[in-house]
Amino acid sequence: MVLALATLGCGRLAPDASDAGDSDAAPTDAAVADAGPDVDPNAPPLGTIVAQELQAWTMSGTSYRPFVLAWFSPSTTVTTGGTCIPTHPTAQCGYPPTCTFAWPTANAGNLTVAGGMFGSGVDVPQWDVSSLPYDFDGKTKYQGFTAGDVLTATGTGAEVPAFTAQVTVPANITLLTPKLPFDEPSGQDLTFTWSGGESGDHVSIFFDNEAPIQADCTFDATAGTGTIPHEALAGVTGQVNVSIMVVRDAKTWVGGYPIDFQMQRTTNIQITFQ
C-alpha cells in the first residue's frame with residue numbers, strides 16, 4: 001500500500017540522556033494544550049500523526065477510505081528551503097528542497113484515534129516496535145468525514161511521553177482545473193485551481209512517488225490556485241497519478257516539543273502528459 005501523505009513538519013532530535021533528570025522529559029508527562037512562555041514555538045515536532053480520507057469514484061458512487069500513519073522521534077532530518085514538503089518518512093522530498101527522514105521511530109505506547117469515520121476509536125498498531133511507524137488502514141465506506149468533525153489521538157506513552165492531541169476536519173475543496181480528460185503538455189508550468197478552502201489550511205499536490213517526478217508542493221488553501229514549476233515536470237510524458245490534498249495541522253505540546261496532528265482529505269486523479 002502506497003499512501004500519498006503530506007507532512008507539514010520534519011522530525012526532531014530526541015532528548016539525550018542528559019534530559020533524564022528533567023521532569024519535562026518523563027514519559028508520564030501529559031501533553032499541554034499550548035506551548036507556554038518557555039517553549040520555542042518553532043521547535044521541530046516530537047512526532048507526527050497523519051489521518052487521511054482517501055476519496056475515489058466508483059460505479060456505486062463516491063467512496064471514502066480512512067487511514068492513519070504516525071511516527072515519533074528519535075529521528076533526524078535535513079531540510080533545505082523551498083515550498084515543497086516531505087511526502088513520507090522514508091522518502092525524499094521532490095522539487096525543490098531535499099528532506100531526509102532517518103529511522104528508527106520511537107515507541108509512543110498504544111495509539112488510538114477517534115472521531116468522524118474512526119467512530120469511538122480505532123487502534124493504530126506499530127509495524128515493529130523497534131523501528132517502524134504506526135499504521136491503520138480502514139474499510140471503504142460511502143460516507144466520509146464531515147467538516148468540523150473533531151479527531152482525537154491518544155498515546156499511552158513509552159519512549160515518547162503520554163499525550164492527547166486533537167485536530168478538526170477541514171472543509172474540502174472542489175478542483176476546477178485541470179479538467180477532464182486531464183491531458184496536459186509536457187515541460188510547461190502546471191497550474192491547479194480550486195474553489196473552497198479555509199484560512200490556515202493548505203492544499204498539497206503530490207505526484208505519485210513511482211512516477212518519474214517527485215514534485216510535492218503546498219499552497220495556501222484560500223489562494224484558490226497553485227502552480228507546479230515546469231522544471232519539476234521537464235521530460236515527463238505519459239500517465240501520472242496525482243493526489244490533491246486539503247491539509248489541516250494542529251499542534252499539541254508535550255515535554256517542550258510539539259506533536260503535529262494532521263488531517264488530510266485526498267482526491268486522486270491521473271494526468272496524461274503529452
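**Exercise 1. A charged pair**

Is glutamate 53 buried or exposed? Work that out, then find the partner of its side chain.

*Solution.* Keep in mind that this is a predicted model.

Step 1: Check the accessibility. Glutamate 53 has 0% relative accessibility. The cut-off for buried is under 20%, so glutamate 53 counts as buried.

Step 2: Look for the partner. The side chain of glutamate 53 meets that of arginine 265 in a salt bridge, at 3.0 Å from N to O.

Step 3: Place both residues. Glutamate 53 sits in strand E1 and arginine 265 in strand E17, so this salt bridge ties together parts that are 212 residues apart in sequence.

Step 4: Check the other end. Arginine 265 comes out at 7% relative accessibility, and it counts as buried too.

**Exercise 2. A salt-bridge network**

Which residues are linked with Arg248 in a network of salt bridges? Build the network one pair at a time.

*Solution.* A search of the whole structure turns up 4 salt bridges.

Step 1: Start with glutamate 198. Arginine 248 forms a salt bridge with glutamate 198, and their closest N and O atoms are 2.5 Å apart. Arginine 248 belongs to strand E16 (residues 238-254), while glutamate 198 is in the loop between E12 and strand E13 (202-207), so the pair ties together parts 50 residues apart in sequence.

Step 2: Add aspartate 201. The side chains of arginine 248 and aspartate 201 also meet in a salt bridge, at 2.8 Å from N to O. Aspartate 201 lies in the loop between E12 and E13, 47 residues from arginine 248 in strand E16.

Step 3: Put the pairs together. Glu198, Asp201 and Arg248 are linked in a network of salt bridges.

Step 4: Compare the surroundings. Arginine 248 counts as buried at 17% relative accessibility, and aspartate 201 counts as buried at 2%. Glutamate 198, with a relative accessible area of 34%, is partly exposed.

**Exercise 3. The nonpolar cores**

Which strand gives the largest share of the largest nonpolar core? Then trace the contacts of phenylalanine 261.

*Solution.*

Step 1: Find the best-connected members. The largest nonpolar core has 29 residues, and the ones touching the most other members are Ile49, Phe72, Phe118, Val124, Leu151, Phe163 and Phe261.

Step 2: Assign strands. At least two core residues come from each of strand E1 (47-58), strand E2 (61-72), strand E5 (111-114), E7, E8, strand E9 (163-168) and strand E17 (257-273). The largest share is from E2, with 4 residues.

Step 3: Zoom in on phenylalanine 261. Leaving out residues up to four places away in sequence, its contacts include Ile49, Ala51, Val113, Leu151, Ala153 and Val167. Charged residues are on the list as well, among them Arg248 and Asp249.

Step 4: Don't stop at one core. There is a second, separate core of 22 residues, and it includes Trp194, Phe219, Val246 and Phe273.

**Exercise 4. Two open sheets**

In what order do the strands of the 4-strand open sheet run? Do the same for a 3-strand sheet.

*Solution.*

Step 1: The 4-strand sheet runs E6-E5-E8-E9, with antiparallel pairing. Strand E6 (122-123) and E9 are at the edges with a single partner strand each, so one side of each has no neighbour in the sheet.

Step 2: Look inside this sheet. E5 and E8 run antiparallel and are joined by 4 bridges. Valine 113 stands opposite alanine 153 in E8.

Step 3: The 3-strand sheet has the order E10-E12-E15, and its pairing is antiparallel. Strand E10 (173-177) and strand E15 (225-228) are its edges. From one strand to the next, the twist averages 30°.

Step 4: Check a pairing here too. Strand E12 (residues 190-196) and E15 pair over 4 bridges, and leucine 190 stands opposite isoleucine 228 in E15.

**Exercise 5. A glycine in a loop, and confidence**

Which residues does glycine 138 touch, not counting residues up to four places away in sequence? Afterwards, find where the pLDDT is low.

*Solution.*

Step 1: Locate the glycine. Glycine 138 lies in the loop between strand E7 (134-137) and strand E8 (150-155), and it is buried, at 7% relative accessible area.

Step 2: List its contacts. Glycine 138 touches Arg65 and Pro66. Its C-alpha is 5.8 Å from that of phenylalanine 67, 71 residues apart along the chain.

Step 3: Check the confidence. Mean pLDDT is 74, and 67% of the residues reach 70 or more. Residues 1-37 have a pLDDT below 50, and pLDDT stays under 50 over residues 75-103.

Conventions
Residues numbered from 1 in each chain as written. Predicted model: local features only at pLDDT ≥ 70, side-chain atom pairs only at ≥ 80, totals over all residues. Heavy atoms only, no water. Pairing = 2+ DSSP bridges. Axes fitted to C-alpha atoms, helices over the stretch in contact; angles between N-to-C directions. Buried < 20%, exposed > 50% of the residue type's maximum accessible area, 1.4 Å probe, protein only. Contact = heavy atoms within 4.5 Å. Core = buried A, V, L, I, M, F, W, Y, C linked by side-chain atoms within 4.5 Å. pLDDT = per-residue confidence, 0-100.
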